[in-house]
Amino acid sequence: MASSLKNLSDFSGFEIPDGKDMKIGIVVAQWNQEITGKLLEGAKNSLLKNNVNEKNIKIITVPGTFELTLGAQTLLENNFGFDAVIVIGCVIQGDTRHFDFICDSVTQGVTELNIKFSKPVIFGVLTVNNLQQALDRAGGNLGNKGDEAAVTALQMIAMQRHCQVGL
Ligand code: DLZ
């Protein structure tokens, strides 16, 4: 389903796992900060709302979406005990091919980190054609991609824990 048909903050119809003993890192890009700030706010509020302890949420910043992969890797490789890492960014299509290179790089990088660390690294990155599309998905009429990323993190941690105790 295209995101234009879905509200990113609507989780009706499924259960959201309790986050009370979960530890989550968030890496947020400074580029398009008016959008990434709102995504971060959405993600953090959703984690708190689902009982993640504030002291178990660690936030670091990087310059742009291109740097999100290394930011996430840095959190994961230092054995801080994160159950998941959320990366937050916003890439807006411009006149050059920069958009494609950044989107390809972060998508590939995040996918590889999921496999390398066997930990959920959640893709909270908006890849949009214009500022209005970003605003719509950063707390606007299509919800907040940060909420969706936070709930996805809780679901993936719960999935891994469920498998660890046996199916
Ligand atoms: C350079 C650049 C451009 C043109 N656009 C964006 C963008 O829309 N969103 C974003 O998060 N970052 C952008 N960047 C910055 C790159 O991600 C990166 O920080 C720089 O290329 C330096 O490596």
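**Exercise 1.** In this predicted model, which residues does Thr69 touch, not counting residues up to four places away in sequence?

*Solution.* Leaving out those sequence neighbours, the residues in contact with Thr69 are Ser105, Val106, Gly109, Val110 and Leu113. Thr69 itself belongs to helix H2, which covers residues 68–77.

**Exercise 2.** Decide whether Thr69 is buried or exposed.

*Solution.* Start with the cut-off: a residue is buried when its relative accessible area is under 20%. The relative accessibility of Thr69 is 17%, so Thr69 counts as buried. For the whole protein chain, 44% of the 167 residues fall in the buried class.

**Exercise 3.** Give the order of the elements of the protein chain from the N terminus on, and assess the chain against the globule rule.

*Solution.* First, the inventory is 5 helices and 6 strands. Their order is β-α-β-α-β-α-β-α-β-β-α. Next, the radius of gyration is 15 Å, and the globule rule gives 15 Å for 167 residues; the protein chain is therefore as compact as a globular protein of that length. Along the principal axes, the C-alpha trace spans about 50 × 35 × 30 Å.

**Exercise 4.** What share of the contacts with a separation of 6 or more joins residues 24 or more positions apart?

*Solution.* Such pairs account for 80% of these contacts in the protein chain.

**Exercise 5.** Describe the surface and the charges of the protein chain.

*Solution.* The accessible surface is about 8,800 Å², with 52% belonging to carbon and sulfur atoms. Turning to charge, there are 14 positive and 17 negative side chains. The centres of these two sets are 6 Å apart.

Notes: Residues are numbered from 1 along each chain as its sequence is written. This is a predicted model: local features need pLDDT of at least 70, side-chain atom pairs count only at pLDDT 80 or more; totals for chains, interfaces and linings use all residues. Side-chain values use heavy atoms; hydrogens and water are left out. Helices (H or I, at least four residues) and strands (E, at least two) are DSSP runs, numbered from the N terminus. The radius of gyration is taken over C-alpha atoms; the globule rule is 2.2 Å times the number of residues to the power 0.38. Buried means under 20% relative accessible area, exposed over 50%, partly exposed in between (1.4 Å probe, protein chains only). Contact means heavy atoms within 4.5 Å. Accessible areas come from the Shrake-Rupley method with a 1.4 Å probe; for residues, only the protein chains shown count as cover. Lys and Arg count as positive and Asp and Glu as negative; His and the chain ends are not counted. The place of a charge is taken as NZ of Lys, CZ of Arg, CG of Asp or CD of Glu.
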